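Thanks for joining. I will go through one model today, starting with a single residue, then the whole chain, then a few more sites.

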Amino acid sequence: MWDFQIIPQTAKRLKEKHGIVMDKRKMIPDDPDLLKRLYEAGLEMLVECGIYNIDTGRVIHWSKDEVLMGVATAPRRCRIGEGPLHSRVMTSRIGNDPTPPIVQGGPTGAPCNEEHFFGIHESYAKEGIVDCIVDGVLATVNGYNPAPDSPWEVLAGRQEAMMVRMAQAKCGRSGMGL
């Protein structure tokens, strides 16, 4: 209900309330007034809707002041990965910032077949433009469903990390972020 009703209905209402109309010809808006309204609508949506916690089945809410304090005190940069060759510094960017963004490659949480998991992640590690990998998840582990709260879930998580690290090492990028 939360992600199929509350989120879309709230987004639609706030889009109308804040007069948000996107130019489909522009992937990233640059109109300062529109950017301000997008920010305000996003902030309002977070405060109103909260964030759903899958594990507990509950919605976590913060006040506007708590959200703004979190934004104000968030780190502006962090290092991902290890070592001088393959780690990257991720920094906050604004507007048309000339600083190149971090490129995260990978199937990003998508289910992957056991047979192809290693090869999929190896292909991302081979790409020089990719700075870190956001891995997929094993659809099965040793043929079993890695259902939540099962031993297979724990084994799948371990195998995912090991296979991605092995793929990175095979490509000479063992310090790459994961």
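**Notes on a predicted model**

I94 has a relative accessibility of 71%, so it counts as exposed, the cut-off being over 50%. To be clear at the start, what you see is a predicted model. I94 sits in the loop that connects β4 with β5, the latter being residues 104–105. I also took one distance from I94: its C-alpha atom is 34 Å from that of D55, and the two residues are 39 apart along the chain.

Now the whole chain. There are six helices and eight strands in the protein. Reading from the N terminus, the order is α-α-β-β-α-β-α-β-β-β-α-β-β-α. So much for the topology.

On dimensions, the C-alpha trace spans about 50 × 40 × 35 Å along the principal axes. How does the radius of gyration of the protein compare with that of a compact globule of 178 residues? The globule would have a value near 16 Å, while the protein has 20 Å. As for burial, 24% of the 178 residues count as buried. The accessible surface is about 12,400 Å², and carbon and sulfur atoms hold 59% of that area.

Two further totals. Taking contacts in the protein with a separation of 6 or more, 50% are between residues 24 or more positions apart. For the charges, I have 21 positive and 23 negative, and the mean positions of the two sets are 6 Å apart.

Next, two buried sites. The first on my list is S87, which is in the loop between α4, residues 83–86, and β4, residues 88–91. Why does S87 count as buried? Because its relative accessibility is 6%, and the limit for buried is under 20%. What does the side chain of S87 reach? There is the backbone oxygen of G83, at 2.5 Å. There is also a polar contact of 2.8 Å between the side chains of S87 and R79. If we leave aside neighbours within four places in sequence, S87 is in contact with R79, I80, G81, E82 and G175.

The other buried site is H121, in helix α5, which covers residues 114–126. Its relative accessible area is 0%, so H121 is buried. Which residues does H121 contact, leaving aside its neighbours within four places in sequence? They are P107, C112, I133, D135, G136, V164 and A167.

Last, backbone angles. Most residues other than glycine have a negative phi. Here are two residues with a positive value. T108 is not a glycine, yet its phi is positive, at about 45 degrees. T108 is in the loop between β5 and β6, where β6 is residues 111–112. With a relative accessible area of 53%, T108 is exposed.

N142 is also not a glycine, and its phi is positive at about 55 degrees. N142 lies in the loop running between β8, residues 137–138, and α6, residues 151–170. Is N142 buried, exposed or partly exposed? At 47% relative accessibility, N142 counts as partly exposed.

To recap the sites: S87 and H121 are buried, I94 and T108 are exposed, and N142 is partly exposed. That is what I have for today.

How values were computed:
Residues are numbered from 1 along each chain as its sequence is written. This is a predicted model: local features need pLDDT of at least 70, side-chain atom pairs count only at pLDDT 80 or more; totals for chains, interfaces and linings use all residues. Side-chain values use heavy atoms; hydrogens and water are left out. Helices (H or I, at least four residues) and strands (E, at least two) are DSSP runs, numbered from the N terminus. The radius of gyration is taken over C-alpha atoms; the globule rule is 2.2 Å times the number of residues to the power 0.38. Buried means under 20% relative accessible area, exposed over 50%, partly exposed in between (1.4 Å probe, protein chains only). Contact means heavy atoms within 4.5 Å. Accessible areas come from the Shrake-Rupley method with a 1.4 Å probe; for residues, only the protein chains shown count as cover. Lys and Arg count as positive and Asp and Glu as negative; His and the chain ends are not counted. The place of a charge is taken as NZ of Lys, CZ of Arg, CG of Asp or CD of Glu. A polar contact is a pair of N or O atoms within 3.5 Å; within protein, one must be able to donate a hydrogen and the other to accept it, and residues adjacent in sequence count only if both atoms are side-chain atoms.
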